[in-house]
Amino acid sequence: MPETTLPATVIRGVTLVDPEAAGQPFQADLTIAGKRIARIVPHGTMPLPSTARVVDGSRWLAVPGLVNAHYHSHDVLLKGCFDVMSLERWTFRALPRYFPPRSDDELRLRTLVGAAECLLGGITTVQDMLSLWPLDRRQIEVVRRAYEDAGLRVVLGMQVADVGALDTMPFLRDVLPAKAASLAAGPPPPAGMRDAVAEMADILAAHPARDDDRLSWAVCPSSPERCGPALLTALRDLAREHGRRMFSHVAISRMEAVAARELFKADGGSPIRYLARLGLLGPELTLAHGVWLDRRDMAMLAKSGTRMVLNPMSNLKTKNGIAPLRRYLDHGVGVALGCDNCSCSDAQNMFQAMKLAVLQAAITGHDEGPPHAADALRAATLGGAQALGLERDIGRLAEGRKADITFLDLRDPVYLPLNDAARQVVFGESGRGVAAVMVDGRMLVENGRLASIDLEAVRRELVGLLPTLERDAREAAARAARLDPYLRRAQEQALGVKLGMRRFAELASRG
């Protein structure tokens, strides 16, 4: 049956929370027609259409579908493999560059597992910055089809780089013996591997932009450090040619901030000024992390309209420090939130991300003021939609918007009584209360169960694949362990470089 002829769904008596709406939540009757919200009226003020499917929403608190604005699906199956360690140590143990090429079945299953976790946690949209080694458009099709089956909304981009760790981690080349250099470089590229820009051009040409796609495409240079000027400008031109948004990492760790002083010397040591000089900064670019940026960088981001995705969980687990959320807000930078890699945050849980984003401000300053719970909820919904270029369709509960909605169970003790919905969602919700999730007007989670993914079947299929992944992970860890002594020496040298900013909470040693 064509979508336009499908009967409407009316969710009666649901309590709505919209990050941009004035006043307190209110009880409403919500009409979904096709993929969009058709009407929102006060509960009981509208006759029900005779053909409508009626759903009792009186036990639900509805918020805009959560947007995980920075995510990587390539290490979904490595969750729980690492304890707290530096970003640099983690890099050599977890990134696809240090693993053999993965099978189609592994790609499909890990994409489905990641999508399932997101949906069950109330996430309706992700920006997946996917790394494939080697970059292969045939395997990208495997990932695309898995997302289509899952029903999750995704902005999918392939992470591309042409500069290796030895040239981005300060002092490592100086202390590393020549015989160990290959460990840091990773396996050589497979014979016949195509140029990354050409591969991306073919992918984008094969999938022209359509306004109503649940899956859209992006161009993703890995970071200013890991992409030379020629690659960055080629990717910039490719994104503009195809009307695609760009996503990249920036200023994640202190080591990266030290490296930037030399790598971007012509731009005052600033990756933001470097991106501006190459013509990448602007409203079509979204950056992730931004822990080690200064006030001048933030002012440039705000003026250019470049958006920033903060990732509080992974930044803590990989010892990067605390991104100054309040300072970003004060400068007027558009902020979103993400959960990042599965192996360096271990949970695709936007409730954790929201809570940490607010509470970290308590150890970076004692002044009263933002960020507040409402700031975090906005960053996780409309802020995320803006960061993905989807703000006309998602991020709010409003007539005409896509019906991407997260329904929370008001019977959960967290909401008894409901004193302030935003505060209780941000400070109290863990994900336990997610009762239903709708994407594009389709219920993908009901009563805590997935409608689009058979997790039991996925689990059975994974059994035969995990021994190979576990073997490859052990080998990657053994190679990385041989690098650890040299990496520690490089990190100690980097600690001696003064940066003029602090991103760690200083603890008093006595008293």
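Colleague: Which residues does Phe92 touch, leaving aside those up to four places away in sequence?

Modeller: In this predicted model, Phe92 touches Tyr98, Ala165, Met169, Leu172, Ala184, Ala476, Ala480, Leu483 and Leu487. Phe92 and Met354 are the residues with the most contacts inside the largest nonpolar core, which has 127 residues. Apart from that core lies another, of 19 residues, including Leu16, Ala62, Ile405 and Met438.

Colleague: Happy to hear it! Why is Leu408 called buried?

Modeller: Buried means under 20% relative accessible area. Leu408 has 0% relative accessibility, so the residue counts as buried. Leu408 is found in strand E15, residues 405-409. Among the residues that Leu408 touches are Trp60, Phe351, Tyr415 and Val434.

Colleague: Let's try a pair. What makes Asp440 buried and Asn447 exposed?

Modeller: Use the cut-offs again: buried is under 20%, and exposed is over 50%. Asp440 has a relative accessible area of 8%, so Asp440 is buried. Asn447 has 74%, so Asn447 is exposed.

Colleague: And where do these two sit, Asp440 and Asn447?

Modeller: Asp440 is in the loop between strand E16 (434-439) and strand E17 (442-446). Asn447 is in the loop between E17 and strand E18 (449-450). Neither is a glycine, yet phi is positive in each: about 60 degrees for Asp440 and near 55 degrees for Asn447.

Colleague: Now the peptide bonds. What is omega for the cis bond from Trp133 to Pro134, and for the cis bond from Leu416 to Pro417?

Modeller: Omega is near -5 degrees from Trp133 to Pro134 and near 0 degrees from Leu416 to Pro417. Pro134 lies in the loop between strand E7 (123-130) and helix H3 (137-150), while Pro417 lies in the loop between E15 and helix H16 (421-428).

Colleague: Let's step back to the whole protein. How do you know that its radius of gyration agrees with a compact globule?

Modeller: Set one value against the other. For 511 residues, a compact globule would have a radius of gyration near 24 Å, and the protein has 23 Å, so the two agree. The C-alpha trace spans about 75 × 55 × 40 Å along its principal axes, and buried residues make up 57% of the 511.

Colleague: How many helices and strands does the protein have?

Modeller: The secondary structure comes to 18 helices and 18 strands. Of the contacts between residues at least 6 apart in sequence, 77% join residues at least 24 apart.

Key:
Residues numbered from 1 in each chain as written. Predicted model: local features only at pLDDT ≥ 70, side-chain atom pairs only at ≥ 80, totals over all residues. Heavy atoms only, no water. Core = buried A, V, L, I, M, F, W, Y, C linked by side-chain atoms within 4.5 Å. Buried < 20%, exposed > 50% of the residue type's maximum accessible area, 1.4 Å probe, protein only. Contact = heavy atoms within 4.5 Å. Helix = DSSP H or I, 4+ residues; strand = E, 2+ residues; numbered from the N terminus. Rg over C-alpha atoms; globule rule 2.2 N^0.38 Å.
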